[in-house]
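Here is a short walk through a structure. Keep the model open as you read.

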Amino acid sequence: MVAVREYEAMLEAYSRAGGSLEALRSKDVGNLVIHGNKVLGVNEARGIKIETQETETGVNVHFLVEEGAKISHPVHLCFGVLPQQGLQEIVLEVEALADSEVDVIAHCIFPNALDVTHRMNADIVIGDHARFCYHETHYHGESGGVNVIPHGRIRVGKKGLWQSSFTLIEGCVGTLDYDFEVFGDEKSVSELLVKVSGKKEDEINVVERIYLEGKEARGLAKTRLVLSDNARALFRGETYGNAPFARGHVDCLEIVNGDGVVAKAIPVVCVNDKRAKVTHEAAIGSIDSKQMQTLMARGLSEEEAVDVIVKGILR
Amino acid sequence: MLEIRDLKLTLNGKPILDGLNFAVEKGRIHGLLGVNGVGKTTLANLLMGISYPDKGSIVFEGQDITRRDISERARMGITLAWQEPARFEGLTIREYLRMNRHLSPREANNFLWMVGLPPADYLDRGVDTSLSGGERKRVELACVMAMKPKVAILDEPDSGIDVVSLPHIMNAIAEMGKRGSAVLLITHGEEAVNVADEILIMCAGRIINHGPPQAMCEWFRGNCSTCKHIGQPDLEGA
């Protein structure tokens with residue numbers, strides 16, 4: 001009975017956060033709902049195997065996409081802690097076997113957190129010619145009482161594709177320690193995107209590392225941070241071209257929109273093969289005055305212009 | 001409709017505008033010619049409220065707007081197409097055009113067609129670095145038209161535009177005049193001059209001559225192209 005109430009509460013929070021209830025209730029759509037250290041719902045769509053094991057502090061998940069499986073509907077993950085205090089540690093092992101294709105949409109929900117820690121350690125293996133797209137969106141309350149620690153290590157096989165986004169623009173971040181690294185094999189494509197809006201006393205630490213290990217591997221580490229009030233952020237983007245004709249790029253934009261903001265960016269580009277090429281661009285600054293003037297010349301107020309620019313950057 | 005009265009501006013001790021006087025009228029296209037560095041873009045910025053003059057006044061429909069800010073002027077019906085328009089991450093052309101909240105989807109399509117951009121190919125594209133310089137300028141012009149402005153200040157809308165697209169730009173500017181906008185067209189190009197009703201020639205921070213387009217073009221070629229005194233022209237010859 002308690003589990004049912006928890007499940008309904010999670011679904012309600014998930015729905016308020018913009019998640020699709022229809023997707024979670026459909027038998028054709030793979031999904032997994034975890035509240036704290038309890039698995040409240042799991043559905044294996046055709047071509048997907050999801051095994052879970054509850055632990056004292058969280059859940060261990062093994063997620064398998066079968067060889068050659070083309071999953072037509074995105075798989076939905078819903079993780080969260082609804083009480084004000086809590087700890088959730090997710091250990092996620094993913095195997096996307098050769099020639100498989102899947103999109104995963106994850107919602108992480110902490111609407112009432114005053115002292116909640118959400119930690120995810122992901123070990124992900126993408127097979128040859130496989131495509132795995134992972135999009136994680138966080139929904140936090142306004143208290144800033146969340147400590148989010150997503151760490152991931154991804155290996156992408158030959159001609160494989162890893163594409164991920166991490167979005168945290170609703171509510172206060174609290175503290176974020178994002179650390180993902182990707183190892184790309186021959187002709188693989190790896191893309192990491194992080195979008196965060198920091199405010200109040202938020203502390204944001206983003207590390208993206210891409211190792212281009214195979215010939216003609218490509219990688220992009222992209223981050224967009226908008227900071228206001230007293231938010232502090234450090235971005236470190238590293239790309240290593242370790243193979244012939246590997247191509248990588250680090251792209252960081254931090255918009256500073258508050259007197260107490262501290263923003264740092266450290267792009268690292270490294271080449272260990274003379275035929276590889278990696279580039280970077282990093283910009284930190286206030287909102288571009290010409291963009292502001294342009295939008296104001298269309299009749300927007302200063303505040304509306306800032307809003308349009310910031311929403312665009314975080315889109 | 002818009003009157004510029006004795007406008008003066010000095011930057012770093014150098015007079016940029018030195019007693020500038022002229023007016024733009026409803027439904028007329030006023031071409032503004034001048035060699036590089038005479039203060040044309042500075043004037044555009046002053047008219048839009050991006051910067052303010054030291055002296056003189058800008059009067060719009062009888063109201064002194066000299067100290068009003070950009071948004072206020074835009075809401076009164078004045079807008080500007082920049083020579084090098086800004087680019088925006090995450091903003092589509094559709095959204096950019098619909099800054100005018102009263103614009104219908106059909107009108108948005110029409111304005112894109114007018115500048116030679118097929119809506120189906122462009123509406124969902126970003127106003128970002130994926131657009132070429134020429135495309136971005138055409139989008140800017142479409143957006144200015146979408147504002148249905150009373151006064152449109154166009155800062156070199158024809159520069160960097162290929163010869164195939166240029167007629168679209170010129171037709172669009174002419175259309176703005178027909179629809180009742182007062183257009184101040186800052187340009188170097190003679191094609192642009194052909195759509196103007198009147199040409200103003202600017203030098204050393206003043207309007208030194210004005211009149212019909214062809215006559216003024218010839219005068220400009222004969223006098224200003226040989227002017228060696230930017231900032232100190234031979235006004236006696238004007």
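In this predicted model, the buried residues of helix 3 of chain A pack against two helices. One is helix 4 of chain A, residues 302–314. The other belongs to chain B: helix 2, residues 70–76. Which residues of helix 3 are buried? They are Gln291(A), Met292(A), Thr294(A), Leu295(A) and Met296(A), in a helix that covers residues 289–296.

Now turn to the strands of chain A. Start with strand 4, residues 58–65. Strand 3, residues 48–54, runs antiparallel to strand 4. Seven bridges join the two. A hairpin of three residues connects strand 3 to strand 4. To find the register, look at Glu51(A): its bridge partner in strand 4 is His62(A).

Strand 4 also pairs with strand 6 of chain A, residues 85–96. Here the sense is parallel, and the pairing extends over eight bridges. Val59(A) marks the register, standing opposite Ile90(A) in strand 6. Keep one rule in mind when tracing side chains here. In a regular strand, side chains alternate between the two faces of the sheet.

Chain B comes next. It has nine helices and 10 strands. Its C-alpha atoms fill a box of roughly 55 × 35 × 30 Å along the principal axes. How does the radius of gyration fit a compact globule? A compact globule of 238 residues would have a value near 18 Å; chain B has 18 Å, so the two agree. Of those 238 residues, 43% are buried. Finally, take the contacts in chain B between residues at least 6 apart in sequence: 69% join residues at least 24 apart.

How values were computed:
Residues numbered from 1 in each chain as written. Chains lettered and ligands numbered in written order. Predicted model: local features only at pLDDT ≥ 70, side-chain atom pairs only at ≥ 80, totals over all residues. Pairing = 2+ DSSP bridges. Helix = DSSP H or I, 4+ residues; strand = E, 2+ residues; numbered from the N terminus. Buried ≥ 20, exposed ≤ 12 C-beta atoms within 10 Å, placed from the backbone. Contact = placed C-beta atoms within 7 Å. Rg over C-alpha atoms; globule rule 2.2 N^0.38 Å.
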